[in-house]
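Here are my notes on the model you sent, set out as numbered points. Please read them with the sequence and coordinates open.

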Amino acid sequence: MSSGLLLAAPVAVAQIAGFVNPGLTESERRMITPVVIASGCLFYAGVAFAFLILAPAALGFFVHYAAAGAVESLWVTDLYFDFIFSLLLGTGLVFQLPVLQVALGRTGLVTSGQMLQAWRHVVVAATVMAAVLTPSTDALTQALLTVPIIGLYLGGVATVRLLEREGMVGRGREKETGWMNQINGEGVGGNGGGIQWMLQQKL
């Protein structure tokens, strides 16, 4: 069941996006499609990274620690699968960081320059996240997750910078402002014009 949840998570997101797709504008549809595709690819990449690299490294640390005679290892099937599932799911969610950055940059809330200026805080946050997600206490396993998180963040910054050069940021805020202006009657008939415009759209 855990494997099914991991495999079906991006598909569920795509289904939700398809459900709300008819209510979006043409520009919003063009934006949400690559976001959903990128989100699914990054999630699967995070799951694969955790399964192929993080999990063996963490389990290897535990086995080596027990072989040294420091502790006695007692393997429980339920706890083992819960550990693997939590690690895969957590890593897959962490790999959504560039998608979040693009969403913030696309709406104009944060610029690529502001993201780049916060790199010191990102390094600390990435280290803390890696320490929480990886159960082992060795620095190597934590570094295996810390470095990709920082790389994903820098990749998100580069993507936002590219969108800024193409003039594709801040449009969400501009559309919201224009919509509010129409409601308030600014540019659509003066006082009360916004309400009349809405009634005309209803009719």
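1. What share of the contacts in the protein chain with a separation of 6 or more comes from residues 24 or more positions apart? In this predicted model, such residues account for 74% of those contacts.

2. The secondary structure of the protein chain comes to nine helices and zero strands, and the order of elements from the N terminus on is accordingly written α-α-α-α-α-α-α-α-α. Of the 203 residues in the protein chain, 28% are buried.

3. One helix pair deserves a description of its own. Helix H6, which spans residues 119–133, packs with helix H7, residues 139–165, at an angle of about 140°, and their axes are 8 Å apart. Because angles over 145 degrees would be needed for roughly antiparallel, H6 counts as oblique to H7. The crossing in which H6 passes H7 is right-handed.

4. On the H6 side, this contact is made by Val122, Val123, Ala126, Thr127, Met129, Ala130, Ala131 and Leu133, while H7 contributes Gln142, Leu145, Thr146, Ile149, Ile150 and Tyr153. By class, the residues of the contact of H6 with H7 divide into 11 nonpolar and three polar, with no charged residue. As a general background, nonpolar side chains tend to be buried together in soluble globular proteins.

5. The largest nonpolar core holds 22 residues, of which Leu54, Phe83, Ile84, Leu87, Leu88 and Leu145 touch the most other members. The elements giving two or more residues to this core are helix H2 (26–67), helix H3 (77–94), H6 and H7, and H2 gives the most, with nine residues.

6. Leu145 therefore appears both in the contact of H6 with H7 and among the residues that touch the most other members of the largest nonpolar core. With residues up to four places away in sequence not counted, Leu145 touches Phe49, Leu54, Thr91, Ala130, Leu133 and Thr134. A second, separate core has five residues, including Met115, Val122, Tyr153 and Val160; of these, Val122 and Tyr153 also take part in the contact of H6 with H7.

7. A last point concerns glycine 18, which lies in helix H1, residues 2–20. Is this glycine 18 buried, exposed or partly exposed? Glycine 18 has a relative accessible area of 45%, and because the partly exposed class runs between 20% and 50%, glycine 18 is partly exposed. The C-alpha atom of glycine 18 is separated by 9.6 Å from that of isoleucine 32, and these two residues are 14 residues apart along the chain.

Methods:
Residues numbered from 1 in each chain as written. Predicted model: local features only at pLDDT ≥ 70, side-chain atom pairs only at ≥ 80, totals over all residues. Heavy atoms only, no water. Axes fitted to C-alpha atoms, helices over the stretch in contact; angles between N-to-C directions. Helix = DSSP H or I, 4+ residues; strand = E, 2+ residues; numbered from the N terminus. Parallel < 35°, antiparallel > 145°, perpendicular 65-115°, else oblique. Left-handed = near helix turned anticlockwise from the far one by under 90°. Contact = heavy atoms within 4.5 Å. Nonpolar A, V, L, I, M, F, W, Y, C, P; charged D, E, K, R; others polar. Core = buried A, V, L, I, M, F, W, Y, C linked by side-chain atoms within 4.5 Å. Buried < 20%, exposed > 50% of the residue type's maximum accessible area, 1.4 Å probe, protein only.
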